[in-house]
Amino acid sequence: MPQMIFVNLPVRDLARSRRFYEALGFTINEQFSDDTAACLVVSDTIFVMILTHPKYTQFTSLPVTDETKSSSHM
């Protein structure tokens, strides 16, 4: 069985972000989407979860930073 990858990204405006990614051609998996998250299908095994800030904070104890005032690297 292939490994599945889920990338989680916090967004300020879920509806606007969802429209943006749909305009780029991404399909939304409605089974894993609601008013706090949308699941973008990249491939059969890769998905991007765009999450409201409150939903995103359920997955980490680290703060969501203001991307206009900070930068990060891995």
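Reader: Is Ser17 buried or exposed?
Author: This is a predicted model, in which local features need pLDDT of at least 70, side-chain atom pairs count only at pLDDT 80 or more, and totals for chains, interfaces and linings use all residues. Residues are numbered from 1 along each chain as its sequence is written, and side-chain values use heavy atoms, with hydrogens and water left out. Buried means under 20% relative accessible area, exposed over 50%, and partly exposed in between, with a 1.4 Å probe and protein chains only. Ser17 has a relative accessible area of 16%, so it is buried.

Reader: Which residues is Ser17 in contact with, leaving aside its neighbours within four places in sequence?
Author: Ser17 lies in helix H1. Contact means heavy atoms within 4.5 Å. Once the neighbours within four places are set aside, the partners of Ser17 are Val11 and Ile50.

Reader: In what order do the elements of the protein run from the N terminus on?
Author: Helices (H or I, at least four residues) and strands (E, at least two) are DSSP runs, numbered from the N terminus. The protein has two helices and four strands. Read from the N terminus, the order is β-α-β-β-β-α.

Reader: Which strands stand at the edges of the sheet?
Author: The sheet is open, with mixed pairing and the order S1-S4-S3-S2. Two strands pair if DSSP finds at least two bridges between them. An edge strand here has a single partner strand, so one of its sides is left without a neighbour in the sheet; this holds for S1 (5–11) and S2 (27–29).

Reader: What does helix H1 touch in the sheet?
Author: Neighbouring strands of the sheet are turned by 35° against each other on average, direction ignored. Axes are lines fitted to C-alpha atoms, for helices over the stretch in contact, and angles run from 0 to 180 degrees between N-to-C directions. H1 (residues 14–23) makes about 155° with the direction of S4. Packed on the sheet, H1 touches S1, S2, S3 and S4 (46–52).

Reader: Why is S3 largely enclosed by the rest of the structure?
Author: S3 covers residues 37–41 and pairs with S2 in the antiparallel sense over three bridges. S3 also runs antiparallel to S4, joined by five bridges. S3 is largely enclosed because, of its five residues, the number buried is four.

Reader: Which residue of S3 stands opposite Ile28?
Author: Strands of a sheet pair through backbone hydrogen bonds, either parallel or antiparallel. Between S2 and S3, Thr27 stands opposite Val41. Ile28 faces Leu40.

Reader: How many residues join S3 to S4?
Author: Ala37 of S3 stands opposite Leu51 in S4. The link between S3 and S4 is a hairpin, and its residues number four.

Reader: Which residues is Val42 in contact with, leaving aside its neighbours within four places in sequence?
Author: Val42 lies in the loop between S3 and S4. At 41% relative accessibility, Val42 counts as partly exposed. Beyond those sequence neighbours, Val42 is in contact with Phe26, Phe47 and Val48.

Reader: How far apart are the C-alpha atoms of Val42 and Arg18?
Author: Along the chain, Val42 and Arg18 are 24 residues apart. In space, their C-alpha atoms are separated by 14 Å.

Reader: What share of the exposed area do carbon and sulfur atoms supply?
Author: Of the 74 residues of the protein, 20% count as buried. Accessible areas come from the Shrake-Rupley method with a 1.4 Å probe; for residues, only the protein chains shown count as cover. The protein exposes about 5,700 Å², and the share from carbon and sulfur is 56%.
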